[in-house]
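User: Hi! Could you walk me through this structure with me asking and you answering?

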Amino acid sequence: MVDETSIFIGASRKPDDSYQRAEELLLRYGNRHGLVTGATGTGKTVSLQILAEGFSNAGVPVFCADIKGDLSGISMMGEAKDFLVKRAEQVKLDPYQFQKFPVIFWDLFGEQGHPIRATISEMGPLLMSRLMNLTEAQEGVMNIAFRIADEEGLLLLDLKDLQALLANMADRSDQLSARYGNVTKPSVGAIQRTLLVLEQQGAANFFGEPALRIADLMRTTRDGRGAISVLAADKLMMNPRLYATFLLWLMSELFEELPEVGDLDRPKLVFFFDEAHLLFEDAPKVLIDRVEQVVRLIRSKGVGVYFVTQNPLDIPEKVLAQLGNRVQHALRAYTPREQQAVRTAAETFRPNPDFDCATAITQLATGEALVSMLEDKGVPAMVQRTLIRPPSSRLGPITPDERRKIIAESPVAGQYDEAVDRESAFEILQKKTKEAQDAEAQAKQQNSGGSRWTIPGFDDVLGTGNRRSSNRQTVAEAAIKSVVRSVGSSVGRAIVRGILGSLARGR
């Protein structure tokens, strides 16, 4: 069931509201990225769903986040509801066939899908600093920590590895500062406190092994359809910075691991980034530059990135310029910022003389959108007012029992469910600390015994309860008797003998 050339989006209409033509996304331009925008409740999730269905049927694996749980319905067969059948007739979708799609559920917390994990080392200092919202000085310490881990062969796999390394750095801050620059205990302490907050928010579930294999996001079925990986993100959205950092990490991993393939007849993978504004909100320039670089270059790896957000102003201009395929649902224009968003959205489209784009954006009904896809030679098509086609899969969420059944039958069942804790920085540093403590204790014992009295039998004289193995006079006793002999007066000798006698009786 593989569509050879395009994905059917919907049908555009003439000024008199009659059918005009089918609007399609050409698969050979699917890796030119895209943007789906619109206010809450205008149909963005359905647009995402039909795009995911279309790519899957074309043999293209898909990764997408399910923010509200509604997207999980893509795993179940659709139902012939009146409003869906009517929309199929309006867009001339004949036959309107219902399908369920091959879905793999994922969840960073391991509750509504297979656990997803990444190691601290894979995340890197830049993304860790972003996740923790570190200051410039703290970010410098984080970079030093990763450098030390590399130089000293310390694997950073989970949070306790990083915590152990930072504690070790605090203990030798003076030594490290002389070599790497200022490593202060207050900066290390601030990072430790932030790590504790992350741990309490559940981030510890994400860091560790077995780490996600990119190949498991690029599976296809025996009938040639692409698997749809759905990330359960309703709970994850309680920590939006973790959500955004994870998706950026995943996009970066795809960029770094996949080979250059040039232009293909269809993408190797399509990546949907829902609530995309979270990626750019309060992000430092270095991070935005990184996103721009990845978006610009990942196309040659055969990966298409589609940002889904409410407002086109959420996307930086340099990134927005890379997004060739556009689906714009209705926007409200009550505030000055909303009016600016409408103008920005209208200006990004190739104009259509049949209607005013800015006015149309504010008048679109639910399930309508302004659509402009790349045509031959990669040129944006003239924007069209379009009725979006109905999905073939179920609209709305699935039940917990249905989800559990799909997870149990998943092709990756059992591969990620149990965490693995192999020897890494935490264990190595813990072992070194214990060895150092043991050596220090042994040295103290030796120093204490040697300077205090490694003289055999002296403890016996002091009445410690240790018995001599022979009746030979000890060096200590001989020394004391020598003192007795050296005392000139009979009174002095009597006093010393009394002391010696009391020591002897104590034995």
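User: How many cavities of 30 Å³ or more does a search of the whole structure find?

Analyst: Happy to help, and please keep in mind that this is a predicted model. A cavity here is a set of points where a 1.4 Å probe fits but cannot get out. With the search run over the whole structure and the cut-off at 30 Å³ or more, the number of cavities found is 3.

User: Which elements give two or more residues to the lining of the largest cavity?

Analyst: About 60 Å³ of space lies in that largest cavity. Its lining is made of Thr45, Leu48, Ala65, Asp66, Ile67, Lys68, Asp70, Leu71 and Asp274. The elements that give two or more residues to this lining are helix H1 (44–57) and strand E4 (62–66).

User: And by class, how many nonpolar, polar and charged residues does the lining of the largest cavity have?

Analyst: The lining includes Leu48 and Ile67 as well as Asp66 and Lys68. Leu and Ile count as nonpolar, while Asp and Lys count as charged. Sorted by class, the lining of the largest cavity comes to 4 nonpolar, 1 polar and 4 charged residues.

User: Now the pockets. Which element gives the most to the lining of the largest pocket?

Analyst: The largest pocket has a volume of about 520 Å³. Of the 18 residues that line this pocket, Phe101, Pro102, Val103, Ile406 and Glu409 are the closest to its centre. Two elements, strand E5 (103–107) and helix H14 (400–408), give two or more residues to the lining. The one that gives the most, with 3 residues, is H14.

User: How do the residues of the lining of the largest pocket divide into nonpolar, polar and charged?

Analyst: There are 18 lining residues to sort, and Glu409 is one of those closest to the centre. Glu counts as charged, whereas Phe, Pro, Val and Ile count as nonpolar. For the whole lining of the largest pocket, the division is 8 nonpolar, 4 polar and 6 charged.

User: Are H4 and H6 roughly parallel or roughly perpendicular to each other?

Analyst: Two packed helices are described by the angle between their axes and the distance between the axes. Helix H4 (residues 136–151) and helix H6 (residues 173–180) have axes 12 Å apart and pack at an angle of about 95 degrees. Angles of 65 to 115 degrees count as roughly perpendicular. H4 and H6 are therefore roughly perpendicular.

User: Which residues in H6 do the residues in H4 meet?

Analyst: The contact of H4 with H6 has 4 nonpolar, no polar and 3 charged residues. On the H4 side, the residues are Ile144, Arg147, Ile148 and Glu151. Their partners in H6 are Leu176, Arg179 and Tyr180.

User: Is Val270 buried or exposed?

Analyst: Val270 lies in strand E8 (residues 269–274). Leaving aside neighbours within four places in sequence, Val270 is in contact with Phe55, Val60, Pro61, Val62, Phe63, Gly304 and Tyr306. A residue counts as buried under 20% relative accessible area. Val270 has a relative accessible area of 0%, so Val270 is buried.

User: How far apart in space are Val270 and Phe55, C-alpha to C-alpha?

Analyst: Along the sequence, Val270 and Phe55 are 215 residues apart. Even so, Phe55 is one of the residues in contact with Val270. Their separation in space, C-alpha to C-alpha, is 7.8 Å.

User: What does Gln322 count as at 26% relative accessibility?

Analyst: Gln322 is found in the loop between helix H11 (317–320) and strand E10 (325–328). Not counting residues up to four places away in sequence, Gln322 touches Arg32, His33, Val295 and Arg296. Buried means under 20% and exposed means over 50%. At 26%, Gln322 therefore counts as partly exposed.

User: Backbone check next. What is omega for the peptide bond that joins Asp94 and Pro95?

Analyst: Pro95 sits in the loop between helix H2 (82–90) and E5. The bond joining Asp94 and Pro95 is cis. Its omega is about 5 degrees.

User: Last one: is Asn133 buried or exposed?

Analyst: Asn133 is in the loop between helix H3 (120–132) and H4. Its phi is near 55 degrees, a positive value in a residue other than glycine. The cut-off for exposed is over 50%. With 52% relative accessibility, Asn133 therefore counts as exposed.

Technical notes: Residues are numbered from 1 along each chain as its sequence is written. This is a predicted model: local features need pLDDT of at least 70, side-chain atom pairs count only at pLDDT 80 or more; totals for chains, interfaces and linings use all residues. Side-chain values use heavy atoms; hydrogens and water are left out. Axes are lines fitted to C-alpha atoms, for helices over the stretch in contact, and angles run from 0 to 180 degrees between N-to-C directions. Helices (H or I, at least four residues) and strands (E, at least two) are DSSP runs, numbered from the N terminus. Angles under 35 degrees count as roughly parallel, over 145 as roughly antiparallel, 65 to 115 as roughly perpendicular and the rest as oblique. Contact means heavy atoms within 4.5 Å. On a 1 Å grid over the protein atoms alone, a cavity is a set of points where a 1.4 Å probe fits but cannot get out, and a pocket is an open set with protein on both sides within 12 Å along at least five of seven lines; lining residues have an atom within 4 Å of a point. Grid points are joined across faces, edges and corners, and a volume is the space filled by probe spheres set on the points. Buried means under 20% relative accessible area, exposed over 50%, partly exposed in between (1.4 Å probe, protein chains only).
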